[in-house]
Amino acid sequence: MTKAIEVKQLKFKYKDSKDLTLENIDLSVSENEILGIVGPNGAGKSTFISILEGLRSDYTGEVHILGFDMKKEAPLAQREMGALFQSSGYLDNLTVKESLELFSQMYTSTISPTEALKQMNAQDLLTRKVKNLSGGQKQKFGIALSLLNQPKLLFLDEPTTGLDPDARLHLWKIIKRLRGKTTTIICSHYLDEVAYLCDRVCFIYDGKVYATDTPEGLIKQSNAPTRIEFDCSDLDAVIKEDSNSLTKNTIHHITGERYFISTAQPDSTLSTLYTHKALVTNIDIKKPTLNDAYYKITGESMEGVI
């Protein structure tokens with residue numbers, strides 16, 4: 001399969017720093033794949049993306065984008081890129097159509113403003129002024145703008161930050177439609193977002209890539225435990241009868257008659273609990289998430305980074 005991105009032994013250090021910001025990064029991204037890059041603030045994501053976009057060349061190692069060597073041919077690769085950024089440089093007093101027409105002059109070949117907005121189901125925004133757009137509408141406009149040159153590689157930086165839940169879900173559906181049309185790199189703090197949208201996810205922390213796999217593969221690789229919550233009217237009786245598999249050290253009290261068990265072998269634990277239907281009720285299974293996998297693999301939590 002053709003590779004849109006090939007990174008080998010990438011290293012980068014800022015001039016005023018003693019430590020490497022990026023260390024020995026290897027990454028390969030296939031054509032038309034959607035890859036999520038996740039990590040807390042300071043993990044090295046922004047620096048890594050700026051190198052992939054050709055905005056920095058003071059690194060060691062190899063970076064090839066769309067077949068171009070980014071140390072020598074970055075402008076050629078950039079012609080085939082599109083990007084949505086967290087902070088915009090839009091001219092608020094222009095209409096959406098005027099803005100799209102203005103930005104299209106930066107490229108030798110573009111689609112029309114109407115065609116770009118059609119991909120976002122947002123043709124109704126053509127005559128609206130940018131300053132009057134809602135958060136969700138502005139994100140649609142931003143993605144439409146990034147698609148003007150029909151890029152072979154698209155960068156989406158925090159595409160749903162600041163959106164309400166309904167607008168966020170709607171934008172997810174729109175991004176899903178890009179699958180198979182362009183290679184897409186999504187940077188996001190929302191791990192449920194990358195789990196839903198991405199073919200593969202790259203865990204980055206402290207300047208290193210710790211793992212890259214499908215969301216399901218990362219969860220499996222991490223051995224993150226399943227949390228099983230249940231009500232029990234007589235815990236001592238249950239433990240006494242199944243002392244080989246259940247102990248007070250493995251069962252944790254929540255409140256009242258509510259308890260939980262964290263286990264890497266949920267099937268075995270559930271089988272044991274189900275044998276005590278008279279005493280054990282209201283069983284709730286909480287499977288490990290991508291956030292749990294990130295913590296298990298990197299040792300760093302993604303909670304609270306927004």
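In the predicted model, Ser-104 makes contact with Thr-110 and Leu-148, residues up to four places away in sequence being left out of consideration. Ser-104 belongs to helix H3, which spans residues 96–104. The relative accessible area of Ser-104 is 18%; because the limit for a buried residue is under 20%, Ser-104 is classed as buried. A polar contact is also formed within this part of the chain: the side chain of Ser-104 lies 2.6 Å from the backbone oxygen of Glu-101.

A further element of the model is an open sheet composed of four strands, arranged in the order E12-E13-E11-E14 and paired in antiparallel fashion. The edges are occupied by strand E12 (252–255) and strand E14 (280–286). Each of these two has a single partner strand, so one side of each remains without a neighbour in the sheet. From one strand to the next, the twist averages 25°.

The pairing of strand E11 (residues 226–232) with E14 is antiparallel and comprises five bridges. Across this pair, Ile-228 is positioned opposite Ile-285 of E14. Helix H10, formed by residues 266–274, packs on the sheet. The strands touched by helix H10 are E11, E13 (258–263) and E14. With respect to E11, the direction of helix H10 makes an angle of about 10°. Strand E14 thus combines several roles in the description: an edge position in the sheet, five bridges to E11 and contact with helix H10.

Conventions:
Residues are numbered from 1 along each chain as its sequence is written. This is a predicted model: local features need pLDDT of at least 70, side-chain atom pairs count only at pLDDT 80 or more; totals for chains, interfaces and linings use all residues. Side-chain values use heavy atoms; hydrogens and water are left out. Buried means under 20% relative accessible area, exposed over 50%, partly exposed in between (1.4 Å probe, protein chains only). A polar contact is a pair of N or O atoms within 3.5 Å; within protein, one must be able to donate a hydrogen and the other to accept it, and residues adjacent in sequence count only if both atoms are side-chain atoms. Contact means heavy atoms within 4.5 Å. Two strands pair if DSSP finds at least two bridges between them. Axes are lines fitted to C-alpha atoms, for helices over the stretch in contact, and angles run from 0 to 180 degrees between N-to-C directions.
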